[in-house]
Amino acid sequence: MEELEQGLLKQSWAWLQLAENSLLAKAYITKQGYALLISDLQEVWHEQVDTSVVSQRAKELNKRLTAPPEAFLCHLDDLLRPLFKDIACSGKATFSCDRVAEALILRVRSELSGLPFYWNFHCILASPSLVSQHLIRPLMGMSLALQCQVRDLATLLHMKDLEIQDYQESGATLSRGRLKTEPFEENSFLEQFMVEKLPEACSVGDGRPFVTNLQNLYMAVTRQEVHERQKHGDTGDPQTSSRTSPPGTDSRLLTQPEEPVSSAPALPGPEKEPTGPSGSVQRPQLSKVKRKKLRGLFD
């Protein structure tokens, strides 16, 4: 069961449209069982079962089918994979969901070995610790990573402005006027962003933009957290990281390449040009390659 918990954390979110229900979901299936997490952005539901539960539920829902639980798990993996990847799979399976009290039931109807196959995922409300593990902590990590990225880009833009200024003071002129830009002012940029771009950027909607644009970063952050936990010996402290995953798994839904996130602290944006001991402005040293590339823009 621990492997299921660990494997689920490393999975990306998928966006599902089931009738009038827009849902975010992630799942992890192995030969030992499955773990499923579903959210409508109001509540989060969860189910995690082992082979004994799979075997019992299969007997209740599919009296004409006799197979080991591993076969049912493999079939469920085959059915969910196209759904989670938004791949049309006409006629292979139909999905629907119902809410009963505080639970959510995801129903699946398909065929197995030429016979009707039915399955119900019985998801109950997720615990606060599970919501924190899969949403709150990763989203906080993503925010910090993006902030660090913004600071690094602001520093790079400032250095580019100094580089261009050095060419201009050496007598170079821009050959194509449409390429001319004003020196980058970070405070002005942030103020303009807050006014013009923030409302659109914060439009969460049904969660699809989060799934479409940020899943690589989400997975990188969750895997980085797992890595940190492994490095510190899995002390069990929920404030430090989430549970780890042992090397090697049987099968995964929506497996994506691991992308490490830099853990370096955000670099403060330069406010003044660097000066030497005498107070003179120091220009960044330019390589021959950089000079040659930028001279193509100037006469």
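Is Glu 225 buried or exposed? Keep that in mind as you click through this predicted model. The tour visits some of its salt bridges, and the full count is 7.

**Stop one: Arg 137 and Glu 225.** Select these two and show their side chains. They form a salt bridge, and their closest N and O atoms sit 2.7 Å apart. Now colour the helices: Arg 137 belongs to helix α4 (residues 128-169), while Glu 225 is in helix α7 (residues 208-231). With their positions 88 residues apart, the pair ties together distant parts of the chain. Back to the opening puzzle: Glu 225 is buried, because its relative accessible area is 11% and the limit for buried is under 20%. Arg 137 comes out at 23%, so this residue counts as partly exposed.

**Stop two: Glu 163 and Lys 160.** Stay on helix α4, where you'll find both of these residues, 3 residues apart, or about one turn of the helix. They make a salt bridge too, with the closest N and O atoms 3.9 Å apart. Glu 163 is buried at 5% relative accessible area, whereas Lys 160 is partly exposed at 38%.

**Stop three: Asp 40 and Arg 99.** Next, jump over to the strands. Here the salt bridge joins Asp 40 and Arg 99, and 2.9 Å separates the closest N and O atoms. Look for Asp 40 in the loop between β3 (33-39) and β4 (44-50), and for Arg 99 in strand β5 (residues 93-100). This is another link between distant parts of the chain, with partners 59 residues apart. Turn on the surface and compare: Asp 40 is buried, at 14% relative accessibility, and Arg 99 is partly exposed, at 45%.

Notes: Residues numbered from 1 in each chain as written. Predicted model: local features only at pLDDT ≥ 70, side-chain atom pairs only at ≥ 80, totals over all residues. Heavy atoms only, no water. Salt bridge = Lys/Arg side-chain N within 4 Å of Asp/Glu carboxyl O. Helix = DSSP H or I, 4+ residues; strand = E, 2+ residues; numbered from the N terminus. Buried < 20%, exposed > 50% of the residue type's maximum accessible area, 1.4 Å probe, protein only.
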